[in-house]
Amino acid sequence: MVEPIRVGSTDDIDIGEAFVVAGEDNATGEDIAIVHAEDDGFYAINDICTHQYASLAQGWVEGVCIECPVHSSQFDLRTGKVSGPPATQDTVVHRLEVVDNDLMLYPGEPPAPDAQAN
């Protein structure tokens, strides 16, 4: 099991917003976006769009998806699955838990099936 990293508080991020945990700070080498979705859940997804180098955290949150700010590909925050072109490759999601309002990231560990941080 991966040791969790406290990446912030639920109070640090409004619904529809995201922030980035740098790859050198999360031990994966990949930037990870922490997203507060419209379902009031918190999710962790690799920050870079699989189509073209663009930060997903700078995109738009719609429901439980995040849209790339460059070419509008959307990724499901729960699964990392891409839902439309131009991206054709899914991205990686990471386990994120809320513990006493702390956002605890388990970098490189997938979320439990059908689980979401709330």
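Two residues are in contact here when they have heavy atoms within 4.5 Å. With that in hand, let's work through a few exercises on this predicted model.

**Exercise 1. Find where Thr 79 sits and which residues it touches, leaving aside its neighbours within four places in sequence.**

Solution.
- Start with the location: Thr 79 belongs to the loop between E7 and E8.
- Apply the contact rule next, and two partners turn up, Thr 91 and Val 93.
- Now look for a polar partner of the side chain. The side chain of Thr 79 reaches the backbone nitrogen of Lys 81 at 3.2 Å, and the cut-off for such a pair of N or O atoms is 3.5 Å.

**Exercise 2. Decide whether Thr 79 and Pro 86 are buried, partly exposed or exposed.**

Solution.
- Recall the limits: buried is under 20% relative accessible area, exposed is over 50%, and partly exposed lies in between.
- Thr 79 has a relative accessible area of 42%, so it is partly exposed.
- Pro 86 comes out at 32%, and therefore it also counts as partly exposed.

**Exercise 3. Place Pro 86 in the chain, list its contacts, and find how far Pro 86 and Thr 79 each are from Tyr 43.**

Solution.
- Pro 86 is found in the loop between strand E7 (74-76) and strand E8 (93-99).
- Not counting residues up to four places away in sequence, Pro 86 touches His 51, His 71 and Ser 73.
- For Pro 86 and Tyr 43, 43 residues apart along the chain, the C-alpha separation is 23 Å.
- For Thr 79 and Tyr 43, 36 residues apart along the chain, the C-alpha separation is 9.8 Å.

**Exercise 4. Work out the strand order of the six-stranded open sheet, then look at how E4 and E8 pair.**

Solution.
- The order reads E1-E9-E8-E4-E3-E2, with antiparallel pairing.
- At the edges are strand E1 (5-9) and strand E2 (18-21), each pairing on one side only.
- From one strand to the next, the twist averages 30 degrees.
- Strand E4 (residues 42-46) pairs with E8 in the antiparallel sense over two bridges.
- One residue match is Ile 45, whose bridge partner in E8 is Val 93. You have met Val 93 before, as a contact of Thr 79.

**Exercise 5. Count the aromatic pairs, and find which residue lies over the face of Tyr 106.**

Solution.
- Ring centres must lie within 6.5 Å to pair, and the count comes to zero aromatic pairs.
- Turning to charges over rings, Arg 95 lies over the face of Tyr 106, at 3.6 Å from the ring centre.

Notes
Residues numbered from 1 in each chain as written. Predicted model: local features only at pLDDT ≥ 70, side-chain atom pairs only at ≥ 80, totals over all residues. Heavy atoms only, no water. Helix = DSSP H or I, 4+ residues; strand = E, 2+ residues; numbered from the N terminus. Buried < 20%, exposed > 50% of the residue type's maximum accessible area, 1.4 Å probe, protein only. Polar contact = N/O pair within 3.5 Å; in protein donor to acceptor, adjacent residues only side chain to side chain. Phe/Tyr/Trp six-rings, centres within 6.5 Å; stacked < 30°, edge-to-face > 60°. Lys NZ or Arg CZ within 6 Å of the ring centre and 35° of its normal. Pairing = 2+ DSSP bridges. Axes fitted to C-alpha atoms, helices over the stretch in contact; angles between N-to-C directions.
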